[in-house]
Amino acid sequence: MKGLFFQREHKALPIQLIISVSFTIVSICCMGILGFTLYRFLVQKMEDITIESSEQILDQTAINLETYLRNMRRISDTMYYSVIKDKDLATDTMAEEMNLLYEANKDNLISIACYTNEGELVAAVPVATEKEDIRIVEQEWFTDAVGRMENFHFSTPHVQNLFDNTSYRYYWVISLSRAVELTNNGSSRLGVLLVDMNYSSIEQLLKKANVNHSMEYVYLIDREGEIIYHPRQKLLNMHLLEENNQIAASYEDGSHKEYFQDEERLITVKTVSYTGWKIVSVTPKRVLSMGLTETRLFFVILMLLTMLMIIIINQLVSSSIAKPLQRLNESVKEWEAGNMNPEIYVGSFLEVEHLGKTLRSTVAQIRQLMEDILIEQEEKRKSELDALQSQINPHFLYNTLDSIVWMIEGERYDDAVFMVTQLASLFRVSLSRGKTIISISDEIRHAKNYMNIQKIRYKNTFTVDFQMEEDILKCCTVKLIIQPLLENAIYYGVQGMDGEGEIQIRGYRSKEDIYIEVRDNGIGMPKEVVCQLLSENNHAPKKGSGVGLINVHNRLKLRFGSCYGLEIESVPDEGTTVRIHLPYLIYTEEMQVLLESGKQKRQEEREQ
Amino acid sequence: MNRYRFYRGILVLFLVLIGLWMIQKEQDRRQESERYMVSVIVSDSNNDRWIAMKQGMEQAAGDFHIDLNIISTGPFATLEEELEVVRREVSNNVDGVILQMVSSEQAYEALEGIFTKEAVIFLETDIEPEEYFVSVVPDNIGMGAALADCILKDYGERIEGKKIGILGGNQKQISMQQRLSGFTKQMEGSNAEITWVLHSESEEQIEKEEMLTLVDLLVALDNAETEQAVDYLLEVPQEAKRCALYGEGISEKVVYYLDRGLIQSLVVPNEFHMGYQSVKEMSRQLSYSPTIGESSQVGFLVVDKENLYKADNQKILFPIVQ
């Protein structure tokens with residue numbers, strides 16, 4: 001687990017991703033905090049606005065209601081102080097003044113009536129027949145007025161039960177009653193003045209406050225909590241709905257929160273002066289939530305859009321920062337891939353430009369260094385080849401001169417002359433004006449010269465047979481490669497076979513390759529010895545120069561490539577075949593120069 | 001780079017989903033705010049007796065976002081006359097119809113051919129067979145029994161030998177049949193005699209004076225019959241003093257004559273509740289499924305001159321009319 005952690009920890013991430021993700025996280029965190037704070041602020045603000053709006057509605061409704069009720073009291077006052085007090089019931093009638101007052105206010109009034117303390121009707125407008133068997137003194141408005149004489153009394157809404165209306169109309173009224181002093185024959189007696197206000201007028205006032213509020217509503221209660229108006233009053237009357245009116249009666253003016261029927265509600269209360277009535281505004285909490293749902297949705301979408309924009313901007317910014325670095329990285333990758341002359345990006349930011357320039361300079365320097373090393377290596381190889389070649393010449397010269405000395409000592413002057421002639425020819429080819437690459441025909445001539453010399457040396461104890469295809473004679477070869485093989489064939493193959501030794505040299509072409517075989521029927525070698533012959537650390541017994549096959553093999557490989565060189569097949573007591581493998585290259589001046597310079601080999605190596 | 005495209009793709013997808021969600025919400029909101037059109041067809045719709053019911057319906061229409069159209073009609077004489085109005089309303093592509101059927105008999109077959117997808121609720125009276133449609137009706141049997149109880153309470157032992165005449169109203173309506181049966185059942189064993197039962201659709205014409213002289217008690221089982229009985233008694237004042245009237249009704253006229261003492265007791269169905277309940281049930285059917293529905297009964301009130309002005313009774317009996 002720990003290992004995995006470290007593995008992950010050390011896994012390099014793209015700079016653009018790191019920048020983009022870091023910026024995005026920081027931005028989202030900031031936005032989240034900002035959004036939440038704004039949202040809370042908005043919620044509080046909305047609640048405040050709702051309360052304020054409710055209070056405004058209540059204030060307006062209260063003003064309208066107070067104005068209405070004040071008018072009613074004025075009517076009552078006018079009736080009492082300007083009419084009743086001035087009249088003696090025994091002599092005067094108040095019908096005319098009452099009628100005037102009624103006519104002036106009949107939109108808001110149902111009736112005005114004056115009763116004695118025994119419930120006897122003194123006067124009433126509009127003129128109507130009093131109901132039979134009616135017990136006025138038992139009616140609530142009457143008992144209230146008589147019970148507390150100094151006050152106005154506002155009743156709760158009720159159906160007027162005073163006059164007979166043959167059109168079957170019944171009026172909902174709110175009775176304003178007060179005790180009055182009636183004068184009859186100079187003596188005063190108690191009476192009750194009743195102003196029945198049209199309930200519809202009050203209903204209309206409150207209906208205005210309930211317009212456009214589907215869930216928010218306003219209702220009116222008296223000081224005991226009895227409902228005077230409610231937008232769903234009938235449902236309340238039939239107990240199909242409940243209202244928290246009794247509790248609301250105990251609320252002070254202002255805003256309150258209450259839980260009613262498992263619902264949180266915002267209650268705003270305003271008391272109507274003089275009557276003690278209370279206008280109550282109810283705003284269920286879910287109304288605020290409903291409004292907030294839209295707002296919440298708006299906030300979420302706004303935040304999502306902003307987040308998207310931030311992510312895109314972050315990507316653009318991070319891309320503009322990371323792009324130059326990525327391009328620089330691409331240049332390095334190209335260089336890594338082997339392009340020694342890559343297009344190094346230089347530009348954009350100061351730092352990247354500096355890095356690019358430095359890298360470009362470094363690449364140029366390394367390229368120069370590598371070219372120098374290459375030239376150096378080529379020189380080294382050339383000198384190595386020269387050294388290898390120079391290893392042959394003294395070895396061969398030593399052997400040949402040894403044979404000539406031996407002939408002269410044996411007074412075989414003709415043979416010595418022949419030997420010297422052959423040696424001269426051999427050296428001509430060997431020198432080849434300093435060339436390393438010669439034609440196969442020259443090489444064969446060199447080999448023949450050599451074998452002529454050796455045959456004399458060994459008194460024709462073996463036979464030599466050259467079978468060369470004409471086609472290959474005009475091709476290129478490294479000089480002095482057959483002679484060491486012939487030398488080995490003599491020393492390790494046919495020497496001491498008393499005229500039965502055979503050495504066969506065969507040259508032929510196979511597709512684009514040339515093979516030159518040197519075969520002897522000598523003693524041969526075991527397989528283990530054959531395997532060691534071409535290895536650098538071979539311990540095969542050496543005669544002659546001690547350079548032998550490995551020398552030729554290395555020269556061929558150095559010159560033509562690793563796929564060329566020598567192949568050896570040997571069967572003990574049957575003989576050995578050494579096969580030279582060369583490319584089929586026609587000998588021309590250009591080819592000779594090309595091969596001498598070693599470019600041909602490098603080209604082939606690259607192709608491989 | 002692929003990773004960035006992936007994140008970008010996720011974000012775009014997220015935004016698209018949010019968009020689709022908003023569209024869905026908007027559609028839901030529109031659906032919620034969609035107002036259904038409902039027609040109300042009752043006999044003699046401009047009659048005062050429907051005031052409370054209309055108030056209840058209008059209250060519910062406001063509460064449940066229903067566009068209510070109370071069709072102006074005269075008194076339906078026949079079922080076919082009423083069906084003609086129903087057909088006309090259905091052809092106006094209403095979503096639902098609230099119906100007070102003039103006859104419970106043979107109505108089912110006729111209505112089955114008219115209504116295809118509209119929601120239907122029966123008001124005041126059901127039709128036969130009762131289980132196929134939703135109805136909102138008063139406790140008709142209870143109302144009949146309550147009328148009998150009033151008589152039994154007022155007369156006590158004196159009921160023995162009293163002759164009762166019943167204005168049974170439209171006995172083609174199940175509601176009226178139930179009221180009549182409720183009344184007669186309750187009166188069983190009282191030793192009072194039901195002298196006659198007059199149906200409004202009866203061809204038989206009886207002289208009013210003759211009718212009144214035959215009975216001591218007049219029982220009217222619906223508003224129209226009570227108003228008619230009041231008219232009889234007003235026309236023959238000497239009989240009015242002898243013949244006591246017990247009726248069912250809610251119109252201002254019957255309430256007025258209860259107040260005047262011409263009617264001894266009045267059984268008043270809670271028509272506000274009936275109207276409210278019918279529209280509420282209609283809204284439920286339209287919003288969810290027309291196949292789901294539950295018939296309901298509403299209560300009634302028994303009032304006499306003494307308790308007419310009691311606060312609770314006032315609130316039900318007297319509509320607030322501007």
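Colleague: How many residues does each chain bring to the contact between chain A and chain B?
Modeller: This is a predicted model, in which local features need a pLDDT of at least 70 and side-chain atom pairs count only at pLDDT 80 or more, whereas totals for chains, interfaces and linings use all residues. Residues are numbered from 1 along each chain as its sequence is written, and chains are lettered from A and ligands numbered from 1 in the order in which they are written. With two residues in contact if their C-beta atoms, placed from the backbone, lie within 7 Å, the contact takes 21 residues from chain A and, from chain B, 21 residues.

Colleague: Which element gives the largest share of the side of chain A that touches chain B?
Modeller: Elements are DSSP runs numbered from the N terminus, helices being H or I of at least four residues and strands E of at least two. On the side of chain A that touches chain B, β5 (158–159), α5 (199–209), α6 (233–237) and α8 (285–336) of chain A each supply at least two residues. The largest share there is five residues, and their source is α8(A).

Colleague: How do the residues of that side of chain A divide into nonpolar, polar and charged?
Modeller: Ala, Val, Leu, Ile, Met, Phe, Trp, Tyr, Cys and Pro count as nonpolar, Asp, Glu, Lys and Arg as charged, and the others, Gly among them, as polar. By that scheme, the side of chain A that touches chain B divides into twelve nonpolar, five polar and four charged.

Colleague: Where in chain B is confidence lowest, and where is it highest?
Modeller: pLDDT is the predictor's confidence in each residue, from 0 to 100. Chain B averages 85, with 92% of the residues at 70 or above, and the predictor gives the complex an ipTM of 0.83 and a pTM of 0.65. In chain B, confidence is lowest, at a mean of 73, in helix α7 (residues 208–214), and highest, at 94, in β10(B).

Colleague: Which strands of chain B stand at the edges of the mixed sheet, and why is one side of each left without a neighbour?
Modeller: Strands pair if DSSP finds at least two bridges between them. Six strands form an open sheet of mixed pairing in the order β7-β6-β8-β9-β10-β12 (chain B). The edge strands each have a single partner strand, so one side of each lacks a neighbour in the sheet; they are β7 (193–199) and β12 (300–304) of chain B.

Colleague: Is strand β8(B) covered on its faces by buried or exposed residues?
Modeller: β8(B) is joined by four bridges to β6 (residues 163–169) of chain B, in parallel, and by four bridges to β9 (residues 244–248) of chain B, also in parallel. B:Leu167 stands opposite B:Ala220, and B:Leu218 stands opposite B:Leu245. A residue is buried if 20 or more other C-beta atoms lie within 10 Å of its own, exposed if 12 or fewer, and partly exposed in between, with C-beta atoms placed from the backbone. B:Leu217 and B:Val219 on one side and B:Leu218 and B:Ala220 on the other are all buried.

Colleague: At about what angle does helix α6 of chain B run to β6(B)?
Modeller: Axes are lines fitted to C-alpha atoms, for helices over the stretch in contact, and angles run from 0 to 180 degrees between N-to-C directions. Helix α6 (residues 174–187) of chain B lies across β6, β7 and β8 of chain B. Its angle to β6(B) is about 165°.

Colleague: What is the average twist of the parallel sheet of chain B?
Modeller: This open sheet has six strands in the order β2-β1-β3-β4-β5-β11 (chain B), with parallel pairing. β2 (66–70) and β11 (296–298) of chain B each have a single partner strand, so one side of each is left without a neighbour in the sheet. From one strand to the next, the twist averages 20°.

Colleague: How far apart are the end C-alpha atoms of helix α11 of chain A?
Modeller: The expected span of a helix is 1.5 Å times one less than its number of residues. The 18 residues of α11 (residues 440–457) of chain A should therefore span 26 Å, and the model agrees, with end C-alpha atoms apart by 25 Å.

Colleague: How many other C-beta atoms lie within 10 Å in the case of A:Ser155?
Modeller: A:Ser155 is found in the loop between β4 (153–154) and β5 of chain A. A:Ser155 touches A:Glu140, A:Trp141, A:Ile174 and A:Ser175, not counting residues up to four places away in sequence. A:Ser155 is buried, because the number of other C-beta atoms within 10 Å is 21.
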